[in-house]
Amino acid sequence: MSLPIIDILPYLEDNRSPSNEARRREVATKIHNACVDYGFFYLDISSYVDLQVPEELTTLARQFFSLPQEEKDKIALKNEDQARGYARLKENVTNGKADNHEGIDWYRPVEKPDKTKPLWGENQWPTVPTFREKYENWVDKMKALGLIVMGAMADGLGMTSEEREDLCRQVDDSFWVMRAIGYPPLHNDHDGFSCGAHKDYGCLTFLYTDPTPAALQVFTHNVDVGSDVSDLPAEQGTQAGSWINADPIPGCVVCNIGEMWEIWTNGLYKSTLHRVVHRSKNYRIPFFFEPNFNARIEPLAAALRIQADKPNTGGKEYKSVVYGDFLLNKVGNNFADGKGKY
Ligand SMILES: O=C(O)CCC(=O)C(=O)O
Ligand SMILES: [Fe+2]
């Protein structure tokens, strides 16, 4: 068993012939099913980006993380709003344990930055030549991909064109996050993970990975997948299920949905727990396509229609949230008291 691979190509083609429509429907259905079953899938973007580009980003990340500690600390989180900038190895904590990674976070720039306000500071960039320009180009590319995938997801939920436009208006000024992560090798006696088990909190994550197998692991509920991850420490929690490896596939990003999609679909789509175990040195670049800061996220009529047709999928309605409030609660407060991002 492995996660489905979905090629976004039909949504990139201008030609809206009947055959393109049919292929779009197929993509939309596959994404819908993947979100119901796993909350994770591989998105084949080989016809969307030149794959050299994310490779260059990885090289730039490697150059930055190889600098002396005092150089890296020049763009430390504490210079800014505690969320934008460089976090040292083990500075971030998940489930009470230090994550074995260092990283840089950038967020959507804001008007009138004020670093005394959580999340409202300015991005900090390494001085490594071309770093900023190349990462900003990737941000633009991934933001556009986010809108394309949102369109496909609207189709997968059977939205009317009006509903689809409403949904797109909630993400058309995405409060995105870009992250570069450096993972040193995790030793067997390490207490914790490279990145502990967590759900992403926003909308869509596009993770560009190096080719290391068995690094990213995804929790699947009650599916007997026979995957052998038995040498790893047991995850806390009582949910029944298994951890499966989401190994990198050339030409694909790993895509997963965050907690906002769980609210939009009233629980029909799952934001899935995942964790990272890097036994060797690695660099990863996740891009988080998020709703607009002021977007009010509430169950979508299209998802409620689907649930009404399936007697055992309905039940209690999820509470609405304003994305920015939710994010401040997760990131702003957590950083201030040193608990980490998740
Ligand atoms: O590095 C990875 O494989 C995943 C990172 C991740 O889950 C995150 O940054 O939210
Ligand atoms: Fe994650």
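Visitor: Is T130 buried, partly exposed or exposed, and what is its relative accessible area?
Guide: This is a predicted model. T130 is found in the loop between β6 (102-107) and α4. Buried would need a value under 20% and exposed one over 50%. T130 falls in between and is partly exposed, with a relative accessible area of 38%.

Visitor: What is the phi of T130?
Guide: Most residues other than glycine have a negative phi. T130 is a residue other than glycine with a positive value, and its phi is near 70 degrees.

Visitor: Where is K90, and what is its relative accessible area?
Guide: K90 sits in the loop between β3 (85-87) and β4 (93-94). Its phi is also positive, near 65 degrees. K90 is partly exposed, and the relative accessible area is 40%.

Visitor: Which helix gives the most to the largest nonpolar core?
Guide: The largest nonpolar core has 79 residues, and L43, Y135, L204, F206, W261 and W264 touch the most other members. Eleven residues of this core come from one helix, residues 131-156, the greatest contribution. That helix is α4.

Visitor: Which residues does L43 touch, not counting those up to four places away in sequence?
Guide: L43 is among the residues that touch the most other members of the largest nonpolar core. Leaving out residues up to four places away in sequence, L43 touches I6, I8, L145, V149, F206, G251, C252, V253 and C255.

Visitor: How many residues are in the other core?
Guide: This core lies apart from the largest one. Among its members are Y38, I181, C195 and L216, and its residues number 15.

Conventions
Residues are numbered from 1 along each chain as its sequence is written. Chains are lettered from A and ligands numbered from 1 in the order in which they are written. This is a predicted model: local features need pLDDT of at least 70, side-chain atom pairs count only at pLDDT 80 or more; totals for chains, interfaces and linings use all residues. Side-chain values use heavy atoms; hydrogens and water are left out. A nonpolar core is a set of buried Ala, Val, Leu, Ile, Met, Phe, Trp, Tyr and Cys residues joined through side-chain atoms within 4.5 Å. Buried means under 20% relative accessible area, exposed over 50%, partly exposed in between (1.4 Å probe, protein chains only). Helices (H or I, at least four residues) and strands (E, at least two) are DSSP runs, numbered from the N terminus. Contact means heavy atoms within 4.5 Å.
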